[in-house]
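These are my notes from going through one model, entry by entry. I kept to what could be looked up.

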Amino acid sequence: MRGSHADVRRRGLNARPILGIVREERVDSPAAQRFARFTERIRELLPQPLQRVIPVTFIGYAIINGSAFALDMLFLSIIARIVELPYSVSFSIGYALASIYAFFLNRWLNFREHGDLGKQSGKYTFVIVSNYLIWIVGFASLLDLWGVQIQVARVIAACLEGIYIYLLLRLWVFPRHREEILPDEVDADAV
């Protein structure tokens, strides 16, 4: 897109004039830049073979969605005990609230996307509903039929759903249309 320096800055973009044409470039927030550096440091602690196959965004996803799971459990406890709703309703409300939290943090801090919020949230809703039906209800029910202990079944389903959600976030909800911005490329003065 093209525009004047003032127009581009007003929309929260960084203006970079090239041959007299002002091109806009998205600028990540300082919090997103710090989160990127933090996840990169964690990745550097991994053994070298794992560093080549585990993307930085997977580490960020694991941190954010791990905290979302803790938040889900907190919501579940509060809703089930204080409001005294049936488990299925309490479970669904907790899952929905934690999913909203995870969407916004992944969008802002981890994938650092600035695209169409409506389109992204619609895709994310599909991912979360399909995850719920496929892995939480469907696969967990199958494991129950096979006689797998409930906690073991939940852990297996959680691992599979984590991979499922990450892949759909990375490839469909927040696809990379720009090169990966490594933390060492971020302007130190911006933070």
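Entry 1, one serine. I looked up Ser99 and asked whether it is buried or exposed. Its relative accessibility is 9%, and the cut-off for buried is under 20%, so Ser99 counts as buried. I note that the model is a predicted one. Ser99 sits in helix α5. I then listed its contacts, setting aside the neighbours within four places in sequence, and found Tyr124 and Ile128.

Entry 2, helix α2. I checked the length of α2, which covers residues 30–45. With 16 residues at 1.5 Å a residue, α2 should span 22 Å. I found its end C-alpha atoms 23 Å apart, which agrees. Which residues of α2 are buried? My list reads Ala32, Gln33, Phe35, Ala36, Arg37, Thr39, Glu40 and Arg43. I next looked for what they pack against, and the partners of these buried residues are α3 (48–53), α4 and α5.

Entry 3, the second largest pocket. I looked up its volume and wrote down about 430 Å³. How many residues line the second largest pocket? I have 22 in the lining, and those nearest the centre of the pocket are Tyr61, Asn65, Phe69, Glu161 and Gly162. Sorting the lining by element, I find two or more residues each from α4 (56–83), α5 (87–110), α6 (117–145) and α7 (150–173). Which element gives the most to this lining? That is α4, with 8 residues. Sorting the lining by class, I get 14 nonpolar, 5 polar and 3 charged residues.

Entry 4, the whole protein. I turned to the overall layout last. The protein has 7 helices and 2 strands. Read from the N terminus, the order of elements is α-β-β-α-α-α-α-α-α. I looked up burial for the whole protein: of its 191 residues, 33% count as buried. For the accessible surface I have about 11,800 Å², and carbon and sulfur atoms account for 66% of that. I also looked at how far apart in sequence the contacting residues are. Taking contacts between residues at least 6 apart in sequence, I find that 57% join residues at least 24 apart.

Entry 5, cross-references. I see α5 in three of these entries: it holds Ser99, the buried residues of α2 pack against it, and it gives residues to the lining of the second largest pocket. I also see α4 twice, as a packing partner of the buried residues of α2 and as the element that gives the most to the pocket lining.

How values were computed:
Residues numbered from 1 in each chain as written. Predicted model: local features only at pLDDT ≥ 70, side-chain atom pairs only at ≥ 80, totals over all residues. Heavy atoms only, no water. 1 Å grid on protein atoms, 1.4 Å probe; cavity = no way out; pocket = protein on both sides within 12 Å on 5 of 7 lines; lining within 4 Å. Points joined across faces, edges and corners; volume = space filled by probe spheres on them. Helix = DSSP H or I, 4+ residues; strand = E, 2+ residues; numbered from the N terminus. Nonpolar A, V, L, I, M, F, W, Y, C, P; charged D, E, K, R; others polar. Buried < 20%, exposed > 50% of the residue type's maximum accessible area, 1.4 Å probe, protein only. Contact = heavy atoms within 4.5 Å. Areas by Shrake-Rupley, 256 points an atom, 1.4 Å probe, with all protein chains shown as cover. Expected span 1.5 Å × (residues − 1).
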